[in-house]
Amino acid sequence: MSRNTLVWVAASWLMASAAVAQQSSAPALPPDVNPVTLTRLPQLTRADLNEEGKAIYDKIVGDGPVPTTGPVSMSLYSPKVALAFNELNGFLRYNGDLSPRHTEVAICVAAWEIEQQYEYSAHEPAALRYGAPQAVIDTIKYDREPVGLSPEETAIIKVGRQIMRGHKLDSELYAEAVRLFGRKGLVELVTVMGDYVMVGMVLTAIDQHLPPERPALLPPR
């Protein structure tokens, strides 16, 4: 056996050992949770779908790997729901009036309010990547009053909290949000939050657990 082969074998063994150690150190899954999907739903592949479902699968997944966790994986159980989720989410995140930074902040607000760990732990890093200050993240994460933040992010946090906690939006805050984002932007802001609440409810129903490589960023309450 050549030296290069020995190095490759050793490296492969180390990576496999690390993966086993990581899995063994992870909390045990509930008995009704599938070890591949990390949800109560078993793995779904393209072959499991009818012709209409396969066409939708091809549109969403394409030649990519079979999705195992998260919104795409679970929504494909109802392909037309998956298509609606995909189109709405794609528009809001990439073609709407809100900036990517403000979109991610709004997602973090929504995920925090419904205690959706899978969503929150994906979107806190995204918000930071798009330039959201740590102070904004900490205000959401630790349920602090929005003090010293930008007017836009202050409004996003307050709008989300009023709607999801008080089930209303007062006239003064509505007017401030329209001033900052416009009427179209306000509709899209609230729709972003509603989108992630809707998807988060399904993720909660199927008990979506985090993959081993993703840290849990939403603090316990």
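1. Let's start with the lining of the largest pocket in this predicted model. The lining counts 23 residues, and those nearest the pocket centre are Pro71, Val72, Asn89, Arg93 and Tyr196. The volume of this pocket comes to about 520 Å³.

2. Which helices each give at least two residues to that lining? They are helix H3 (70–75), helix H4 (79–94), helix H6 (117–129) and helix H9 (171–205). By residue class, the lining holds eleven nonpolar, eight polar and four charged residues, a breakdown you may like to have at hand when looking at the pocket.

3. On the overall fold: the chain has nine helices and zero strands, so to speak an α-α-α-α-α-α-α-α-α run when read from the N terminus. Among contacts with a separation of 6 or more, 65% join residues 24 or more positions apart.

4. A word on the surface. The chain has 221 residues, and 39% of them count as buried. About 12,300 Å² is exposed by the chain, with 59% of that area supplied by carbon and sulfur atoms.

5. One residue to look at with me is Pro151, which sits in helix H8 (residues 151–166). Is Pro151 buried, partly exposed or exposed? Its relative accessibility is 45%, and because buried means under 20% and exposed over 50%, Pro151 counts as partly exposed.

6. Pro151 also takes part in contacts beyond its own stretch of chain: setting aside neighbours within four places in sequence, Pro151 touches Glu176 and Leu180. Glu176 lies 25 residues from Pro151 along the chain, with 9.0 Å between their C-alpha atoms.

Technical notes
Residues are numbered from 1 along each chain as its sequence is written. This is a predicted model: local features need pLDDT of at least 70, side-chain atom pairs count only at pLDDT 80 or more; totals for chains, interfaces and linings use all residues. Side-chain values use heavy atoms; hydrogens and water are left out. On a 1 Å grid over the protein atoms alone, a cavity is a set of points where a 1.4 Å probe fits but cannot get out, and a pocket is an open set with protein on both sides within 12 Å along at least five of seven lines; lining residues have an atom within 4 Å of a point. Grid points are joined across faces, edges and corners, and a volume is the space filled by probe spheres set on the points. Helices (H or I, at least four residues) and strands (E, at least two) are DSSP runs, numbered from the N terminus. Ala, Val, Leu, Ile, Met, Phe, Trp, Tyr, Cys and Pro count as nonpolar, Asp, Glu, Lys and Arg as charged, and the others, Gly among them, as polar. Buried means under 20% relative accessible area, exposed over 50%, partly exposed in between (1.4 Å probe, protein chains only). Contact means heavy atoms within 4.5 Å. Accessible areas come from the Shrake-Rupley method with a 1.4 Å probe; for residues, only the protein chains shown count as cover.
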